[in-house]
Amino acid sequence: KLMGDVIIALLPALAVSVYVYGWGVLAVTAVSIGCCVLFEALIQKFLVRGKQTITNLSAVVTGLLLAMNMPANIPLWIVAVGALIAIGVAKMPFGGLGKNPFNPAIVARVFLLIAYPVQMTSFAMPSTEGFVDAYSGATPLAAAKAGLLNVAEYDALGMFVGNMAGSFGEIATLALLLGFAYLLMRRVISWHIPVSIFVTVAAFAAIYGAFSFDTPHLVSNFALFHLLSGGVVLGAVFMATDPVTSAQTSTGKYIVGFMTGALAILIREFNPAYPEGMMLSILFMNALAPLVDYFVVEANIRRRKNRVKIAK
């Protein structure tokens, strides 16, 4: 049920991506999902030799998220490589669903970014004429870092509805927020991590912008730009909230959300080579989330012991 709800929540963003980039989006998505399901079935049959797990739909979710983290014009064989990394390296060796310490789709994206940087950063321009062609353009983040985009003149409405270059799953902010509302309504996720990330990204971007711009209007534009561009909404709603790899305590969720958003802005603004930082920050916080929960629980235990001592 949980995996099915996540798939339903991602469908509006997928539909917008097909409208913006053309039917080629479905080819990337089909190859990613198909390879993830196939690799999990083969590993389960010939290596783990246990009951098939593909019916729990987690491989479908991994394949869908992996596809949405890639350009719409990426070669399909690279998509298959990413699926192999996600399932064969980041998920099944640890025991499958519920046991992987890192989000499989993000591990695969980072691997592909390192292994195939040109293909992973050659983003198709919006097109509704069927399959996307070879024409590519810079994402808003890349254009801003290169000085090609004026933060006072960017098309905020166009970015909000999906009219920009980028990984095809992260462009449809409005559709992703509709999916967020659906997941909250179904109680699949809580609001703590996504909202913490949104607030932190906006706050840190505004602080950085305050040192770069003279007027409050430009500072607010800069904060909004960082919220709408890149993978902030996709990552915050659908990947940072992964119940396996994220914090489990309520306080821990706030802390992880804050650290994820802060690290994303730091990577974006101070890393000279890579303009996006959301997925890297989520991956880093996957490693720290258990430690955050540990300190939160220990603090709660000490607080309760002190209360008992005072009561006595």
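The following questions and answers concern a serine, two cysteines and a cavity in a predicted model. Local features need pLDDT of at least 70 and side-chain atom pairs count only at pLDDT 80 or more, while totals for chains, interfaces and linings use all residues. Residues are numbered from 1 along each chain as its sequence is written, and side-chain values use heavy atoms, with hydrogens and water left out.

Q: Is serine 58 buried or exposed?
A: Buried means under 20% relative accessible area, exposed over 50%, and partly exposed in between, with a 1.4 Å probe and protein chains only. The relative accessibility of serine 58 is 3%. Serine 58 therefore counts as buried.

Q: Which residues does serine 58 touch, not counting residues up to four places away in sequence?
A: Contact means heavy atoms within 4.5 Å. By that rule, and with residues up to four places away in sequence not counted, serine 58 touches Met3, Glu40, Lys91 and Leu97.

Q: Why is cysteine 35 not bonded to cysteine 36?
A: A disulfide is a covalent bond between the sulfur atoms of two cysteines. Here it is defined as a pair of cysteine sulfur atoms within 2.5 Å. The closest cysteine sulfur to that of cysteine 35 belongs to cysteine 36, and it is too far for a bond because the distance is 7.3 Å.

Q: How many disulfides does a search of the whole structure find?
A: Cysteine 35 lacks a partner close enough for a bond. Cysteine 36 is likewise in no disulfide. For the whole structure, the search finds a number of disulfides equal to 0.
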